[in-house]
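Hello,

Here is the structure I promised to pass on. Please open it first, then read my notes below.

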Amino acid sequence: MRFRQYKFKFYLNARHGIYKNGVLGEVHPHTWEIVINVVKGRDETVKFHHLEHRVEEFLSRYQDKTLNEIAPFDMINPTLENMCEYFKDELTEILNRNGWIFLMMEMRLVSLMTVTPKRCRPSIL
């Protein structure tokens with residue numbers, strides 16, 4: 001059987017605060033981009049909406065919420081690294097149960113701000 005590799009992007013909007021030295025920092029919002037790379041048999045009809053639905057269903061537990069109030073982040077610090085590790089484990093299980101082979105995942109903060117400085121005029125021509 002031959003295989004094809006696919007890449008999917010999802011977005012999670014949520015709030016979190018990071019504990020430093022046992023003290024919770026300011027709770028603030030972020031948008032995270034989650035990219036998963038998966039494999040499916042080439043001979044199978046690929047129903048992308050099933051995969052997307054399963055991932056979005058999982059992420060809906062956290063969408064527009066404060067992560068510190070939801071398991072497991074009520075017990076572990078919701079850093080990008082901890083979130084990525086937990087989501088990878090959960091999504092691997094979900095996708096494998098639905099006939100996909102999980103290859104890798106990337107997770108990053110999405111910056112919504114861009115700064116473009118004005119063009120400087122040379123003082124000497």
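At 12% relative accessibility, Thr66 counts as buried. Thr66 sits in the loop between α1 (48-59) and α2 (80-97). Please keep in mind that this is a predicted model.

What does Thr66 touch, leaving out residues up to four places away in sequence? The partners are Arg15 and Val27. With Arg15 there is also a polar contact: the two side chains are joined at 3.2 Å.

**The overall layout**

Now a step back to the whole chain. The protein chain has 2 helices and 5 strands. Along the sequence, the pattern reads β-β-β-β-α-α-β. The chain has 125 residues, and buried residues make up 34% of them.

Contacts across the sequence come next. Take the contacts with a separation of 6 or more: residues 24 or more positions apart account for 70% of these. As for the outside, the chain exposes about 8,800 Å². Carbon and sulfur atoms supply 52% of that area.

**The core**

The largest nonpolar core has 29 residues. Which of these touch the most other members? They are Ile36, Leu51, Tyr62, Phe87, Leu91 and Met105. Several elements contribute: β1 (3-16), β4 (28-41), α1, α2 and β5 each supply at least two residues of this core. The largest share, 7 residues, comes from α2.

Tyr62 is worth a click. Leaving out residues up to four places away in sequence, Tyr62 touches Leu12, Asn13 and Ala14, among others. The list also includes Leu67, Ile70, Ala71, Pro72 and Phe73. Tyr86 and Phe87 are on it too. Phe87 has already come up, as one of the core residues that touch the most other members.

**Thr31 in strand β4**

Thr31 is found in strand β4. Is Thr31 buried or exposed? Its relative accessibility is 16%, so Thr31 counts as buried.

Thr31 has contacts well beyond its neighbors in the chain. Not counting residues up to four places away, Thr31 touches Tyr11, Leu12 and Asn13, as well as Arg108, Leu109 and Val110. Asn13 also makes a polar contact with Thr31, side chain to side chain, at 2.5 Å. Then look at Ser111. Thr31 and Ser111 are 80 residues apart in sequence. In space, their C-alpha atoms are 7.8 Å apart.

**Salt bridges**

Side chains of opposite charge can pair when their charged atoms come close. How many salt bridges does the structure hold? There are 5.

Start in helix α2 with Glu85 and Lys88. Their closest N and O atoms are 3.5 Å apart. Both residues lie in helix α2, 3 residues apart, which is about one turn of the helix. Glu85 is partly exposed at 44% relative accessibility. Lys88 is partly exposed as well, at 28%.

Lys88 forms a salt bridge with Asp89 too, and there the closest N and O atoms are 2.9 Å apart. Asp89 counts as partly exposed, at 39% relative accessibility.

Next is the pair Glu93 and Arg97. Their salt bridge has its closest N and O atoms 3.1 Å apart. Because Glu93 and Arg97 are 4 residues apart in helix α2, about one helical turn separates them. Glu93 has a relative accessible area of 48%, so Glu93 is partly exposed. Arg97 reaches 58%, so Arg97 is exposed.

There is also a network: salt bridges link Lys9, Glu33 and Arg108. Arg108 is also one of the residues that Thr31 touches.

**A nonpolar patch on the surface**

Last stop, the surface. Phe3, Ile101, Leu103 and Met104 form a nonpolar patch there. Together they have about 360 Å² of accessible area. Which element gives the largest share of the patch? Strand β5 (residues 101-109) does, with 3 residues.

Leu103 is a good residue to inspect here. Leu103 lies in strand β5. Its relative accessible area is 43%, so Leu103 is partly exposed.

That is my tour. If you want a short route through the model, begin with Tyr62 and its contacts in the list above. Then go to Thr31 in strand β4, and finish at the patch that includes Leu103.

Best wishes

How values were computed:
Residues numbered from 1 in each chain as written. Heavy atoms only, no water. Patch = residues over 30% accessible without salt bridge, like charges linked within 9 Å, V, L, I, M, F, W, Y side chains within 5 Å. Areas by Shrake-Rupley, 256 points an atom, 1.4 Å probe, with all protein chains shown as cover. Salt bridge = Lys/Arg side-chain N within 4 Å of Asp/Glu carboxyl O. Buried < 20%, exposed > 50% of the residue type's maximum accessible area, 1.4 Å probe, protein only. Polar contact = N/O pair within 3.5 Å; in protein donor to acceptor, adjacent residues only side chain to side chain. Contact = heavy atoms within 4.5 Å. Core = buried A, V, L, I, M, F, W, Y, C linked by side-chain atoms within 4.5 Å.
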